[in-house]
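Me: I'd like a close look at one part of this protein, please. Could you take me through the largest pocket and then through what lies around it?

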Amino acid sequence: MKRTLLLLLVALPCWAQDLEHRAVALERELRCLVCQNQSLAESNAPLAMDLRNQIREQLAAGKSEREVVDYLVARYGDFVRYRPPLKANTVLLWGGPFLFLVGGFSLLIRFLRRRRVPAPQLTSAERERAAKLLE
């Protein structure tokens, strides 16, 4: 009996600490639906506090992080994630930065090519004048 109680007293803080680490890690990966580009961990909005409590309740009930995220995505959509999955409607979100980078380099190259001005051709009168100056 004493051993069981001792094991329980030792294991309970470890379990609670593990639950807290999992909850905080999950809160950092999820976006606050009210705030501008803040995670649930950073936000002080009432909805963010409710979602943090809900995450802790679900993790304490034995659900995995994946199940909690799936629940929130089903309820609020992919916007709740900072890293949305690669889908047909998020391809531009994932590929957009690369398209802008390639487009920017192509515009830079076109600009630099147009900027090159050929050396001016001298007329015969200008050549004679230059020759006299060099003598």
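Reply: Here is a walk through the pocket, followed by a few residues elsewhere in the chain and a view of the whole.

Happy to help! Please keep in mind that this is a predicted model.

Let's begin with the pocket itself. The largest pocket has a volume of about 190 Å³. Its lining is made up of Leu 26, Glu 29, Leu 30, Glu 65, Arg 66, Val 69, Arg 81, Tyr 82 and Arg 83. Two elements give two or more residues to this lining, namely helix 1 (2-29) and helix 3 (65-76). Helix 3 gives the most, with three residues. What classes of residue make up the lining of the largest pocket? There are five charged residues and four nonpolar ones, with no polar residues. Among the charged ones are Glu 29 and Arg 66, while Leu 26 and Val 69 are among the nonpolar ones.

Now for the loop between helix 3 and helix 4 (91-115), where Asp 78 is found. Is Asp 78 buried or exposed? Asp 78 has a relative accessible area of 19%, and because buried means under 20%, this residue counts as buried. The side chain of Asp 78 has a partner: a polar contact of 3.0 Å joins it to the side chain of Lys 87. Lys 87 also appears among the contacts that Asp 78 makes beyond its neighbours within four places in sequence, together with Val 73, Pro 84 and Pro 85.

One of the pocket residues leads us on to helix 2 (residues 46-60). Leu 26, which helps to line the pocket, lies 9.2 Å from Arg 52, C-alpha to C-alpha, although the two are 26 residues apart in sequence. Arg 52 is found in helix 2 and has a relative accessibility of 15%, so it counts as buried too. Setting aside neighbours within four places in sequence, Arg 52 is in contact with Glu 27, Leu 40, Ala 41 and Ser 43. With Leu 40 there is a further detail to look at, as the side chain of Arg 52 reaches the backbone oxygen of Leu 40 at 2.4 Å.

Ala 60 is also found in helix 2. Unlike Arg 52, which is buried, Ala 60 is partly exposed, with a relative accessible area of 41%. Ala 60 and Glu 20 are 40 residues apart in sequence, and their C-alpha atoms are 9.6 Å apart in space.

Finally, let's step back to the whole protein. Its secondary structure comes to five helices and zero strands, and from the N terminus on the elements run α-α-α-α-α. Of the 135 residues, 21% count as buried, and Asp 78 and Arg 52 are both buried residues. The protein exposes about 11100 Å², with carbon and sulfur atoms supplying 62% of that area. Among contacts between residues at least 6 apart in sequence, 44% join residues at least 24 apart.

Methods:
Residues are numbered from 1 along each chain as its sequence is written. This is a predicted model: local features need pLDDT of at least 70, side-chain atom pairs count only at pLDDT 80 or more; totals for chains, interfaces and linings use all residues. Side-chain values use heavy atoms; hydrogens and water are left out. On a 1 Å grid over the protein atoms alone, a cavity is a set of points where a 1.4 Å probe fits but cannot get out, and a pocket is an open set with protein on both sides within 12 Å along at least five of seven lines; lining residues have an atom within 4 Å of a point. Grid points are joined across faces, edges and corners, and a volume is the space filled by probe spheres set on the points. Helices (H or I, at least four residues) and strands (E, at least two) are DSSP runs, numbered from the N terminus. Buried means under 20% relative accessible area, exposed over 50%, partly exposed in between (1.4 Å probe, protein chains only). A polar contact is a pair of N or O atoms within 3.5 Å; within protein, one must be able to donate a hydrogen and the other to accept it, and residues adjacent in sequence count only if both atoms are side-chain atoms. Contact means heavy atoms within 4.5 Å. Accessible areas come from the Shrake-Rupley method with a 1.4 Å probe; for residues, only the protein chains shown count as cover.
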